[in-house]
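Work through the exercises below with the sequence and the coordinates open. Each task is followed by a stepwise solution.

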Amino acid sequence: MPQSWSFFRTAVKNFRSTGAIASSSKALVKKLIEPLPADRPLRIVELGPGDGCVTRAILDRVNAESHVTAFEINTTFIDVLHQIEDERLSVLPVGAEQLREYFEENSVDYVVSSLPLSMIPKEVKLEILRQAQWVLKPGGQFFQYQYALQDYSLLKDYFGRVSVSFTMANLPPAFIYSCIG
Ligand SMILES: C[S@@+](CC[C@H](N)C(=O)[O-])C[C@H]1O[C@@H](n2cnc3c(N)ncnc32)[C@H](O)[C@@H]1O
């Protein structure tokens, strides 16, 4: 089955937690992760990897000594993620709101999130952002995309500096937040 069709089926069945019907385009993924440096080992957390389109791109880009820990709650997607054969990847079948149970304060270089922020209950969303900010090293960065700018001001409450870019090359077009802790 083509990967896009399988994403569509899983996403429609779980629309409230997925918040999309198609996985991110190559152009969006490229823009989301292009600030990741490839010349040093990084500790990266990925939130909401889904079918792994962002995960694979991160693994392709980063240094051989880097490590990616992916938090995903959908069991169908977790099975897909387990098919990625890369020792640098750990898949946790755990919600992003439990981040702090797996990482210490100031221990992560980058958090890359595809979470459907606008669909997540406010108190859970606040907890996730608080924990993401807490695990990041000083100067660490949080990347997130969103189809409208609903959570821009919320992100500004949690991160010192938030910049936004945009791509039309996704269905729907998307904003990309880049936040420094
Ligand atoms: C829009 S999809 C993103 C999939 C893929 N990364 C992409 O960009 O196409 C959002 C993903 O977030 C996951 N998700 C939703 N709430 C979550 C939570 N609290 N913790 C971890 N993953 C969550 C969903 O199961 C889904 O796989």
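A polar contact is a pair of N or O atoms within 3.5 Å; within protein, one must be able to donate a hydrogen and the other to accept it, and residues adjacent in sequence count only if both atoms are side-chain atoms. The model is predicted, so local features need pLDDT of at least 70 and side-chain atom pairs pLDDT 80 or more, while totals for chains, interfaces and linings use all residues. Residues are numbered from 1 along each chain as its sequence is written, and side-chain values use heavy atoms, with hydrogens and water left out.

**Exercise 1.** Find the polar side-chain atoms of E97, S24 and S114 that lie close to the ligand, and give the distances.

Step 1. E97 has a polar side-chain atom 3.0 Å from a nitrogen atom of the ligand.
Step 2. For S114, an N or O atom of the side chain is 3.1 Å from a ligand nitrogen atom.
Step 3. For S24, the side-chain N or O atom is 2.6 Å from an oxygen atom of the ligand.
Step 4. Of the 590 Å² of accessible area that the ligand has on its own, the protein covers 97% (Shrake-Rupley method, 1.4 Å probe).

**Exercise 2.** Describe the shell of residues around the ligand.

Step 1. There are 23 residues around the ligand (a heavy atom within 4 Å), and S17, S24, E72, A96 and Y145 come nearest.
Step 2. The shell divides into 12 nonpolar, 9 polar and 2 charged residues, with Gly counted as polar and Tyr as nonpolar.
Step 3. Helix 2 (15-18) and helix 4 (53-61) are the elements that give two or more residues to this shell (helices are DSSP runs of H or I, at least four residues; strands are runs of E, at least two).

**Exercise 3.** Locate two backbone features in loops, at P172 and N106.

Step 1. The peptide bond from L171 to P172 is cis, with omega near -5°.
Step 2. P172 is in the loop between strand 6 (161-167) and strand 7 (174-180).
Step 3. N106, a residue other than glycine, has a positive phi, near 55°.
Step 4. N106 belongs to the loop between strand 3 (89-92) and strand 4.
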